[in-house]
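Trainee: Could we go through this structure together, beginning with its strands and then turning to its helices and its core?

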Amino acid sequence: MSKRSSAKYKLDRRMGENIWGRPKSPVNKREYGPGQHGQRRKSKATDYGIQLKAKQKLKGYYGDVTEKQFKKNYIEAARMKGDTGQNLIGLLEQRLDAVVYRAKFTPTIWSARQLVSHGHVRVNGVKCNIASRKVKPGDEITLGTKAQEMALVLEAQSLSERDIPDYVAPDGAAKVTFVRVPTLDEVPYPVKMEPNLVVEFYSR
């Protein structure tokens with residue numbers, strides 16, 4: 001598991017958007033960037049800058065996945081049939097930590113990764129502590145007995161700020177089934193994601 005190198009809400013301010021749609025986000029109060037130069041007039045972004053921002057935003061949304069892992073997903077998406085951008089979104093949403101987050105087992109993508117890495121999540125009844133594991137359609141994801149009583153999990157399930165998407169089917173409070181790989185328009189991103197710009201970034 002990679003360690004987050006910076007405060008997660010700095011990404012919100014750097015992008016100027018509330019990426020996770022959370023009420024705690026500082027962007028709700030301060031729309032300018034972090035640091036002493038955050039309020040300076042911004043220069044016009046280049047094509048490269050726009051593509052880089054799109055990549056950093058998408059990568060950051062999934063808990064600041066390492067560049068190596070993210071690029072590996074892009075390469076796999078490019079080899080698959082169909083639209084590379086759509087394929088990339090599908091691969092990212094198939095990550096076990098992403099499914100745990102979508103299932104509302106945790107309030108944030110980081111706590112989802114932690115829950116998985118600490119061995120509290122089972123895939124088809126088998127304990128798995130690899131957050132980047134790809135979940136397949138039909139796979140059942142369940143919480144361990146200890147996790148079901150955690151304050152973090154109970155808090156997440158009571159949150160009204162997001163709903164469980166159609167491609168994750170709940171069965172009670174501690175079990176979900178990953179129904180299908182979603183398309184971009186099915187993923188409930190709080191902000192606009194542009195995987196086509198990410199493809200352009202890596203295709204340079």
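Trainee: Which residue in β2 is the bridge partner of arginine 122?

Mentor: Since the model is predicted, what follows describes computed geometry. Strand β1 (residues 121-123) holds this arginine, and β1 pairs with β2 in the antiparallel sense over 2 bridges. In β2, the bridge partner of arginine 122 is lysine 127.

Trainee: And in β3, what is the bridge partner of arginine 122?

Mentor: Strands β1 and β3 (residues 140-143) also pair in the antiparallel sense, over 3 bridges. Within β3, arginine 122 is bridged to threonine 142.

Trainee: Which residue of β5 is the bridge partner of threonine 142?

Mentor: β3 pairs with β5 (residues 175-178) in the antiparallel sense over 3 bridges. The partner that threonine 142 finds in β5 is lysine 175.

Trainee: In what order do the 5 strands form the open sheet, and which are the edge strands?

Mentor: The pairing in this open sheet is antiparallel, and the order of its strands is β2-β1-β3-β5-β4. Two strands pair on one side only, and these edge strands are β2 (126-127) and β4 (168-170).

Trainee: Which residues have the most contacts inside the largest nonpolar core?

Mentor: That core has 47 residues. One of its well-connected members is isoleucine 141, which, leaving aside its neighbours within four places in sequence, is in contact with residues including Leu96, Val100, Val121, Val176 and Phe178. The residues with the most contacts inside the core are Leu58, Tyr62, Leu96, Val100 and Ile141.

Trainee: At what angle do helices α2 and α9 pack, and is their crossing left-handed or right-handed?

Mentor: Helix α2 (residues 47-61) meets helix α9 (residues 195-203) through residues that include Tyr48, Leu52 and Leu58 on the α2 side and Leu197, Val198 and Phe201 on the α9 side. By class, this contact has 9 nonpolar, 1 polar and 2 charged residues. The axes are 8 Å apart and the packing angle is about 115°, while the crossing is left-handed.

Trainee: Why is helix α4 described as largely enclosed, and what covers its buried residues?

Mentor: Helix α4 (residues 84-93) has 9 of its 10 residues buried, so it is largely enclosed by the rest of the structure. Among those buried residues are Asn87 and Glu93, alongside Leu88, Ile89, Leu91 and Leu92. What covers the buried residues of α4 includes α2, α3 (67-79), α5 (96-102), β5 and α9.

Conventions: Residues numbered from 1 in each chain as written. Predicted model: local features only at pLDDT ≥ 70, side-chain atom pairs only at ≥ 80, totals over all residues. Heavy atoms only, no water. Pairing = 2+ DSSP bridges. Helix = DSSP H or I, 4+ residues; strand = E, 2+ residues; numbered from the N terminus. Axes fitted to C-alpha atoms, helices over the stretch in contact; angles between N-to-C directions. Left-handed = near helix turned anticlockwise from the far one by under 90°. Contact = heavy atoms within 4.5 Å. Nonpolar A, V, L, I, M, F, W, Y, C, P; charged D, E, K, R; others polar. Core = buried A, V, L, I, M, F, W, Y, C linked by side-chain atoms within 4.5 Å. Buried < 20%, exposed > 50% of the residue type's maximum accessible area, 1.4 Å probe, protein only.
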